[in-house]
Amino acid sequence: MRIDYLSRGTGWAHAARTALVAPALARRPGVEEVTIAASGSAVDYFAMTGLPYHDLRVPDELDHSGYAAYRIREHLRSRDGADRVVVSDELCLASLVCEAPCVLIVCSFRHYDAGPEAFGTADRILLAGWSEVEPVPEAIRSKVTAIGPIVRVVGEDRPTARRVLDLPKDALVVTASFGLFYPTKRDYFRDALSAVLGAWRHAPADAVLVIPLTSATVRELLGGVALPDNARCVGPTGRMDRYHRASNTVLTVGGSTTSHAVRNGIPTVVINPPAGSVESRYAAFLAGRCDHLTRTEGTESAQDLWDMIDHSAHTAELAPPDLRWGTADDVYHAARGT
Amino acid sequence: MTEVDDCAREVSDGLAGSRLLPCRTVEEVRTQTRELVRGLVIAADMGGLLLPLSPELDRVWLALLTEPPLCQRVQRLLPSGVDFVHVRNAPPADLSEHLLDWVERYRCRFGPIPPGVAHYWPACRYLERLGVGLS
């Protein structure tokens with residue numbers, strides 16, 4: 001079996017998942033080859049991490065367009081050899097134009113209404129989430145398996161992670177892990193970051209707030225607001241797993257970084273996910289099942305938010321909640337079953 | 001009618017009733033297919049540089065891609081090996097040179113842009129806003 005693995009951009013969540021799954025697939029029996037093709041901002045992720053990839057040359061804003069379908073089709077047609085399977089991480093239109101069996105991986109069904117045909121054409125669909133949060137459309141239920149989020153389990157301990165990242169050994173470390181900045185998330189990022197910095201005024205001087213954004217992005221988001229001396233803008237990084245492990249607590253906006261922190265037992269505070277969003281539903285779901293995750297309501301004062309962060313930061317790391325978590329094996333079996 | 005429009009007519013007949021093009025009249029599919037095919041031909045002339053498509057034309061392209069025989073029909077019109085690259089969503093001002101070139105090629109090849117189809121081409125809308133006549 002040769003696997004053509006397609007990875008969507010629009011942030012780095014799909015690329016990070018691909019980087020976890022694709023190399024693992026390549027080691028499974030009967031898999032001769034796995035090649036990655038990346039769309040939009042996923043290209044930056046693979047370039048940064050050194051994983052070989054083909055650039056589909058599809059900008060993020062067009063990744064569910066006819067143009068994207070054309071680029072995907074041309075790429076797949078350029079691939080030689082029989083016994084091919086396409087695994088597409090959220091490039092949903094791939095199933096319409098590929099001439100091989102197709103496994104679609106999705107975090108949600110937010111694209112379903114805009115393009116039910118693509119879901120209907122896929123041979124298998126893996127929901128990398130929980131069906132309690134993301135109800136499966138009736139028309140495709142028979143081909144969907146909810147496998148849970150696919151996230152890396154970090155074996156490293158906190159002291160090692162801090163040493164490698166040059167973070168203080170004993171001080172409080174908090175990471176504002178909002179994901180890759182993306183223009184459509186501007187308001188959301190700005191509000192969450194403003195709330196965090198307001199609360200951070202109450203942090204001890206030796207504490208460190210890690211912000212995985214560039215200083216320019218932070219300046220653009222916050223205007224003239226000066227960052228405190230104990231905030232470190234480390235820029236977008238492929239070492240988020242390690243920053244999470246190094247932190248006493250992780251602050252998220254409810255996206256994939258939340259799943260990673262929770263899966264690894266790291267205390268987490270979810271900051272103001274927009275009401276009704278997928279992120280909000282995931283945060284509510286996890287908050288009811290996970291002792292080390294709290295979420296704000298958006299009405300907290302700076303002091304209240306700091307108290308939540310401080311309390312979270314002094315919570316011991318715990319075992320992850322007893323939930324289904326997806327693995328590369330789930331993808332492998334789906335690909336084999338097509 | 002040109003060879004290009006003949007091809008577009010055949011393709012639009014094949015796309016009529018496509019599940020990917022619901023709620024469109026036969027006439028709309030015909031016009032949109034003609035504009036898409038003309039646009040692809042012009043883009044091929046421009047080294048594969050494809051100006052932004054309206055959502056309507058983009059959807060027709062998706063429908064076309066799911067019908068291999070119709071795709072092959074269009075591909076026979078185009079030089080072999082053409083590789084369409086969409087211009088990124090750069091500020092329209094940065095594309096001005098390409099926009100004027102595109103409009104000129106359209107006019108030379110197919111005549112003036114017909115009334116009622118400029119809205120399928122974001123480039124045309126931009127030029128109209130600048131007061132540049134499409135003729």
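Across all chains, the structure holds 19 aromatic pairs, a pair being two rings of Phe, Tyr or Trp (its six-membered ring) whose centres lie within 6.5 Å, with planes under 30 degrees apart counted as stacked, over 60 as edge-to-face and the rest as tilted. Select W102(B) and Y106(B) to see one such pair, which is tilted, with 5.5 Å from centre to centre and 35° between the planes. The two residues are four apart in helix 5 (residues 96–110) of chain B, so about one helical turn separates W102(B) from Y106(B); helices (H or I, at least four residues) and strands (E, at least two) are DSSP runs, numbered from the N terminus. Both W102(B) and Y106(B) are buried, where buried means under 20% relative accessible area, exposed over 50%, and partly exposed in between (1.4 Å probe, protein chains only).

This is a predicted model, in which local features need pLDDT of at least 70 and side-chain atom pairs count only at pLDDT 80 or more, while totals for chains, interfaces and linings use all residues. For making selections, residues are numbered from 1 along each chain as its sequence is written, chains are lettered from A and ligands numbered from 1 in the order in which they are written, and side-chain values use heavy atoms, with hydrogens and water left out.

Move next to chain A and select W12(A), Y45(A), F46(A) and Y53(A), which form one aromatic cluster. Keep W12(A) selected and add A13(A), G255(A), S256(A) and T257(A): of the 48 residues that line the largest pocket, these five are the closest to its centre. The volume of this pocket is about 1200 Å³. A pocket is an open set of points on a 1 Å grid over the protein atoms alone, where a 1.4 Å probe fits, with protein on both sides within 12 Å along at least five of seven lines, and lining residues have an atom within 4 Å of a point. Grid points are joined across faces, edges and corners, and the volume is the space filled by probe spheres set on the points.

Which helix gives the largest share of the lining of the largest pocket? Helix 1 of chain A does, with five residues, and at least two residues each come from helix 1 (13–26), helix 7 (186–200), helix 9 (240–246), helix 10 (256–263) and helix 11 (278–287) of chain A.

Colour chain A by domain, with domain 1 as 2–148 + 325–336 and domain 2 as 158–313, bounds that come from an automatic or database domain assignment. Each of these two domains gives at least three residues to the lining of the largest pocket. Their centres, taken over C-alpha atoms, are separated by 28 Å, and 18 residues of domain 1 are in contact (heavy atoms within 4.5 Å) with 15 residues of domain 2.

Now select G40(A), in the loop between strand 2 (33–38) and helix 2 (42–49) of chain A, which counts as buried because its relative accessibility is 13%. Leaving aside residues up to four places away in sequence, G40(A) touches V58(A), P59(A) and D60(A).

Finish with two backbone angles, bearing in mind that most residues other than glycine have a negative phi. T10(A), in the loop between strand 1 (2–7) and helix 1 of chain A, has a positive phi near 55° and is partly exposed at 21% relative accessibility. D166(A), in the loop between helix 6 (158–165) and strand 8 (173–176) of chain A, has a positive phi near 60° and is exposed, with a relative accessible area of 59%.
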